[in-house]
2 protein chains.
Amino acid sequence: MALSAALLAVAGELSRRIHDGVVARGFEGLRPAHGFAFARMSAAGATVTELAAHLGVTKQAASQLVDEIVRKGYAERRPHPEDARARLIVLTERGRACARAAEESAADAVRAWAGVLGEEQVRSLGRQLALLAPHGPIRPTW
Amino acid sequence: MALSAALLAVAGELSRRIHDGVVARGFEGLRPAHGFAFARMSAAGATVTELAAHLGVTKQAASQLVDEIVRKGYAERRPHPEDARARLIVLTERGRACARAAEESAADAVRAWAGVLGEEQVRSLGRQLALLAPHGPIRPTW
DNA sequence: ACGAAATGGTCAAGGAGCCTGACCATATCT
DNA sequence: AGATATGGTCAGGCTCCTTGACCATTTCGT
């Protein structure tokens, strides 16, 4: 089915562009999976277990991912205010700057689409995709 | 940007559904990357180098992937009719059956979308994505 | 209130998949 | 014909994810 193939191709291209844009803005050593984690943390932080569920991986894998972004200065572990077992993972200032860079890169890519489809068609695309988007975990790997 | 997030979420969900549908139809031990390889081979076969370019990986990785689908009975290596260095990788009957299963699974997913958006909106989505789809390699990993 | 079970998190070991580097066989260029 | 380029494989290593075990704290059941 051509629609499926086109969708997967566009998604792959988009994630590549976002990644390239983030690197071009000076944030290295990150993978797209980190971006999904950043998005989940940016509101009020997140626990390792929440990140694991959001990314669709095990707690151990999420914990390793957190180790990595902490070591690189994008986030830090704080004691959880309501549960002494848990830790709240929070973005540092550098982490927030990186998240902004990713948003800018994504916006650039969408602007490029507007040049092909026109503004109205892009809005239409956004509405359609919003209706189809699932609420479950994001699966970055296929 | 909400559009980017929705697009990536829908793409992840689609690849998960296709994979589940293929498994449900009795084809195990395959990953989505294999699907892209199958699609490339289904016309008239493909060489390892062509598959590598199509998938955006090294020749060695593509060669390993071919080893795997040959070992599992989905494809076979034949001498290339025009170049004694090359080998033409061709789907077996079982491989073609698997490709059909993937197409059916994809069609099922698209039908589910029609239930949400309506037929006309799905056609519109297909046209828009076809215009945005790149022609370069498909990058299954992000 | 107190022990049992569940939950949040980490450590350790192993596996799957991709990469780099080296190498051989055949094609193509000069 | 010899030099170079191309198709393909072999070997080793790295990264990321998984399973299994374990500790600390919270919640449940009685």
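Here are some friendly notes on this predicted model, taken from the single chain up to the pair and then to the DNA.

1. **The fold of chain A.** Let's start with one chain. Chain A holds 6 helices and 2 strands. Reading from the N terminus, the order is α-α-α-α-β-β-α-α, so that four helices come before the two strands and two helices come after them.

2. **Dimensions and packing.** The C-alpha trace of chain A spans about 50 × 30 × 25 Å along its principal axes. Of its 142 residues, 37% count as buried. Among the contacts in chain A with a separation of 6 or more, 51% come from residues 24 or more positions apart.

3. **How the two chains meet.** Next comes the pairing of A with B. Chain A brings 39 residues to the contact, and chain B brings 39 residues too. On the chain A side, α1 (2-24), α5 (93-117) and α6 (119-132) each supply at least two residues. Which helix gives the most to this side? That is α1(A), with 14 residues.

4. **What the chain A side is made of.** If you are thinking about the chemistry of this contact, the breakdown by class may be handy. The side of chain A that touches chain B has 27 nonpolar residues, along with 8 polar and 4 charged ones.

5. **Symmetry of the pair.** A turn of 180 degrees with a shift of 0.0 Å along the axis lays chain A on chain B, with an RMSD of 0.1 Å. This is the relation of a two-fold axis. The interface fits in with this picture: 100% of the interface residues of chain A are also interface residues in chain B, so the copies meet through the same surface.

6. **Residues around DNA strand C.** Now to the DNA. Strand C is surrounded by 21 residues. The closest come from both chains: Thr47(A), Ser63(A) and Ala86(A) on one, Ala61(B) and Ala84(B) on the other.

7. **Elements facing strand C.** Three helices each supply at least two residues of the surface near DNA strand C: α3 (48-55) and α4 (59-71) of chain A, and α4 (59-71) of chain B. Of the elements here, α4(B) gives the most, with 4 residues.

8. **Chemistry of the DNA-facing surface.** How many residues of each class does the surface near DNA strand C have? There are 7 nonpolar, 7 polar and 7 charged residues. Set this beside the side of chain A that touches chain B, where the counts are 27 nonpolar, 8 polar and 4 charged.

Conventions:
Residues numbered from 1 in each chain as written. Chains lettered and ligands numbered in written order. Predicted model: local features only at pLDDT ≥ 70, side-chain atom pairs only at ≥ 80, totals over all residues. Near = placed C-beta within 6 Å. Nonpolar A, V, L, I, M, F, W, Y, C, P; charged D, E, K, R; others polar. Contact = placed C-beta atoms within 7 Å. Least-squares fit on C-alpha atoms with pLDDT ≥ 70 in both. Buried ≥ 20, exposed ≤ 12 C-beta atoms within 10 Å, placed from the backbone.
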